Amino acid sequence: AGLAPFWRLLPSWRPVAVHATSWTANPLSGGSYSYPRPAAPADAADRLAAPLVCGGLPTVCFAGEATHTRCFGTVAGAMLSGEREAERLLTAWDMHGEDPEGSRHLEHLEC
């Protein structure tokens, strides 16, 4: 019920498959990450990152390494995308506060 009102706002594309891993239970994997399939559109990360909008404002935002265009599949991509979405919400809802260190704390990260 929580996201039901937003389903109509989703883009017209749909995932064709999903594969979930349980890397913590697999002693041979060493971790997991996402990656676009070879035939994925060039803007796949942007599509995944597109927020659900209600009343002209982003209401549900998506972050994670799969949504970062340059650093997909990395911890840096996950962190940077989280900051991107926090910034998106702060801007949209006009909630910027005074931050003596600036608003970009993770810009030193590289992929």
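The following exercises, with worked solutions, concern a predicted model.

**Exercise 1.** Determine the span of α2 and compare it with the expected value.

*Solution.* Step 1: α2 covers positions 75-92 and has 18 residues. Step 2: from the first C-alpha of α2 to the last, the helix reaches 26 Å. Step 3: at 1.5 Å a residue, 26 Å is expected, and the computed span is close to that figure.

**Exercise 2.** Identify the buried residues of α2 and an element that covers them.

*Solution.* Step 1: a residue counts as buried when its relative accessible area is under 20%. Step 2: in α2, the buried residues are Ala76, Gly77, Leu80, Ser81, Glu83 and Glu85. Step 3: the cover over the buried residues of α2 includes α1, at positions 44-49.

**Exercise 3.** Classify Trp93 as buried, partly exposed or exposed, and name the surface patch to which Trp93 belongs.

*Solution.* Step 1: Trp93 lies in the segment after α2. Step 2: the relative accessible area of Trp93 is 43%. Step 3: partly exposed residues fall between the limits of 20% and 50%, so Trp93 is partly exposed. Step 4: together with Leu89, Leu90 and Met95, Trp93 forms a nonpolar patch on the surface, and these residues share about 370 Å² of accessible area. Step 5: Asp94, which also follows α2, has a positive phi, near 50°.

**Exercise 4.** State how many disulfides the structure contains, and classify Cys54 and Cys61 by accessibility.

*Solution.* Step 1: a disulfide is a covalent bond between the sulfur atoms of two cysteines. Step 2: searching the whole structure yields zero disulfides. Step 3: Cys54 has a relative accessibility of 47% and is therefore partly exposed. Step 4: Cys61, at 21%, is also partly exposed.

Methods:
Residues are numbered from 1 along each chain as its sequence is written. This is a predicted model: local features need pLDDT of at least 70, side-chain atom pairs count only at pLDDT 80 or more; totals for chains, interfaces and linings use all residues. Side-chain values use heavy atoms; hydrogens and water are left out. Patches are made of residues with over 30% relative accessible area and no salt bridge: like charges are joined within 9 Å, nonpolar side chains (Val, Leu, Ile, Met, Phe, Trp, Tyr) within 5 Å. Accessible areas come from the Shrake-Rupley method with a 1.4 Å probe; for residues, only the protein chains shown count as cover. A salt bridge is a side-chain nitrogen of Lys or Arg within 4 Å of a carboxyl oxygen of Asp or Glu. Helices (H or I, at least four residues) and strands (E, at least two) are DSSP runs, numbered from the N terminus. Buried means under 20% relative accessible area, exposed over 50%, partly exposed in between (1.4 Å probe, protein chains only). A disulfide is a pair of cysteine sulfur atoms within 2.5 Å. The expected span of a helix is 1.5 Å times one less than its number of residues. Contact means heavy atoms within 4.5 Å.
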